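Hi everyone, and thanks for coming along. I'd like to walk you through one structure today, so please have a look at it while I talk.

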Amino acid sequence: MALSALTRALRSLSLSQPALSSSSQTIAQTKLRTTATSNAHLSLPAVTLLSTVRQCRGFLTTASLDQNRSQWKQREKYTVRPIGMKKTGGRDHTGKIRTHGIGGGHKQRYRWIDFQRLRYEPGKENQVFDEKVVEVRYDPCRSADIALVAGGNRKRWIIATENMQAGDIIKTSGVIGRMAVLADEGDAHPLGALPVGTLVNNLEIYPGKGAEYIRAAGTSGVLLRKVNGTAIVQLPSKQQVQVLETCIVTVGRVSNIDHNKRIIGKAGRNRWLGIRPSSGLWQRKGGWAGRKIKPLPPMKSYVNMPSISAK
């Protein structure tokens, strides 16, 4: 009895395999015909759209950096109007977090700062020009205050100095005379035209490139000495840099000198500023946390001086 049942089961299994294989082949052929027919009716843009949809990544809650740049970092025509910005949340174009501790915060708008003070108007090259301070205001994108200045046929935003007020007249010059000039705060001159010991800010490291150093709130550098067409400036970090004497600087100290004395008061204010809390993992401080007395770093030179071996 058991032997006959086993024989019938094996016979049915051997008979069902070809049937199953033939049925699977029939289904596959039917699917291929259907796909070919549908592709024949589809146009090329529709196929491209389908492939694009398949390759599209998941939805992100923050804007990518490319979208952000297209609004305010790739503009060609200067404007003093506030420009809208999208939050990135510290993420790059792939959606991965690249900078931790960033996210949320109050909505901000970017005001385009002109860091190149010596920017002549068309037809007025190599002339000293004056500008009037229209407004001094808070800027959410930086620690220092900014000033709206107007002169000639243009307006522009610049970094405000410590005592700059609305109605002041500031002067910008690119002339280096035989005698050092007695510059007022907020004026912009080449380093070679200023006396040694002058407090400066918004320092250029290459002539005409725009200010790159000493732009934070309350900071200032010191013009130490002038040597053979170059100038040596001490930065707020005590680092000394050597640049050409034709580099433009602003006289005085950057505004908002009490920025480092502000009191946050509560955790919510950091969230207003777009600063997220760090991890709650507590770690004991090691030897890296102690005070270290280090020698000053060597002077950094941005001047292409000819070497002795070249002679």
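I'll begin with the overall picture, move on to the pocket and the cavities, and finish with a few single residues.

One thing to keep in mind from the start: this is a predicted model. The protein chain has 311 residues, and 28% of them count as buried. In secondary structure, the chain has 15 strands and four helices. How far along the sequence do the contacts in this chain reach? If we take contacts between residues at least 6 apart in sequence, 61% of them join residues at least 24 apart.

You may be wondering about cysteines. How many disulfides does the structure hold? The count is zero. Two cysteines can be placed by their accessibility. Cys 247 is buried, because its relative accessible area is 0%. Cys 141 has 28% relative accessibility, so this residue counts as partly exposed.

Now to the pocket I'd like to show you. This is the second largest pocket, and its volume is about 170 Å³. Which residues line it? Going along the chain, there are Tyr 78, Thr 79 and Val 80, then Trp 112, Ile 113 and Asp 114, then Arg 119, and finally Arg 154, Lys 155 and Arg 156. By class, that lining has five charged residues, four nonpolar ones and one polar one.

Let's stay with one of those lining residues, Arg 156. Arg 156 sits in strand β5, which covers residues 154-159. Is Arg 156 buried or exposed? With a relative accessible area of 2%, Arg 156 is buried, because the cut-off for that class is under 20%. Its side chain makes a polar contact of 2.9 Å with the side chain of Asp 114, and Asp 114 is another residue of the pocket lining. Leaving out residues up to four places away in sequence, Arg 156 touches quite a list of partners. Among them are Tyr 78, Val 80, Asp 114 and Arg 119, which also appear in the lining of the second largest pocket. Others on the list include Gln 116, Arg 117, Phe 129, Glu 131 and Leu 148.

Asp 114 leads us to the next topic, the enclosed spaces. How many cavities of 30 Å³ or more are there? The structure holds two. The largest cavity has a volume of about 60 Å³, and Asp 114 is one of its lining residues, together with Phe 115, Arg 117, Ile 158, Ile 159, Asn 202 and Thr 250. By class, this lining has three nonpolar, two polar and two charged residues.

The second largest cavity holds about 40 Å³ of space. Around it we find Phe 115, Arg 117, Asn 202, Glu 204, Ala 211, Ile 248, Val 249 and Thr 250. If you compare the two lists, Phe 115, Arg 117, Asn 202 and Thr 250 appear in both. Which element gives the most to the lining of the second largest cavity? That is strand β14, residues 248-251, with three residues. Here the lining divides into four nonpolar, two polar and two charged residues.

Let me close with three residues from other parts of the chain.

Asp 92 is in the loop between β1 (83-84) and β2 (109-110). Asp 92 is buried, since its relative accessible area is 11%. Its side chain joins that of Arg 98 through a polar contact of 2.7 Å.

Gln 239 is in a loop as well, between β12 (230-234) and β13 (240-244). At 14% relative accessible area, Gln 239 is buried. What does the side chain of Gln 239 reach? The backbone oxygen of Pro 298 is there, at 3.0 Å. Setting aside residues up to four places away in sequence, Gln 239 touches Pro 297, Pro 298, Met 299 and Lys 300, and also Val 233 and Gln 234.

Last comes Asp 130, in strand β3, residues 129-137. Asp 130 is partly exposed, with a relative accessible area of 47%. Ile 169 is 39 residues away along the chain, with 6.5 Å between the C-alpha atoms of the two residues. Apart from its neighbours within four places in sequence, Asp 130 is in contact with Gly 151, Ile 169, Ile 170 and Lys 171.

Thanks for listening, and I'm happy to go back to any of these places on the screen.

Methods:
Residues are numbered from 1 along each chain as its sequence is written. This is a predicted model: local features need pLDDT of at least 70, side-chain atom pairs count only at pLDDT 80 or more; totals for chains, interfaces and linings use all residues. Side-chain values use heavy atoms; hydrogens and water are left out. On a 1 Å grid over the protein atoms alone, a cavity is a set of points where a 1.4 Å probe fits but cannot get out, and a pocket is an open set with protein on both sides within 12 Å along at least five of seven lines; lining residues have an atom within 4 Å of a point. Grid points are joined across faces, edges and corners, and a volume is the space filled by probe spheres set on the points. Ala, Val, Leu, Ile, Met, Phe, Trp, Tyr, Cys and Pro count as nonpolar, Asp, Glu, Lys and Arg as charged, and the others, Gly among them, as polar. A disulfide is a pair of cysteine sulfur atoms within 2.5 Å. Buried means under 20% relative accessible area, exposed over 50%, partly exposed in between (1.4 Å probe, protein chains only). Helices (H or I, at least four residues) and strands (E, at least two) are DSSP runs, numbered from the N terminus. A polar contact is a pair of N or O atoms within 3.5 Å; within protein, one must be able to donate a hydrogen and the other to accept it, and residues adjacent in sequence count only if both atoms are side-chain atoms. Contact means heavy atoms within 4.5 Å.
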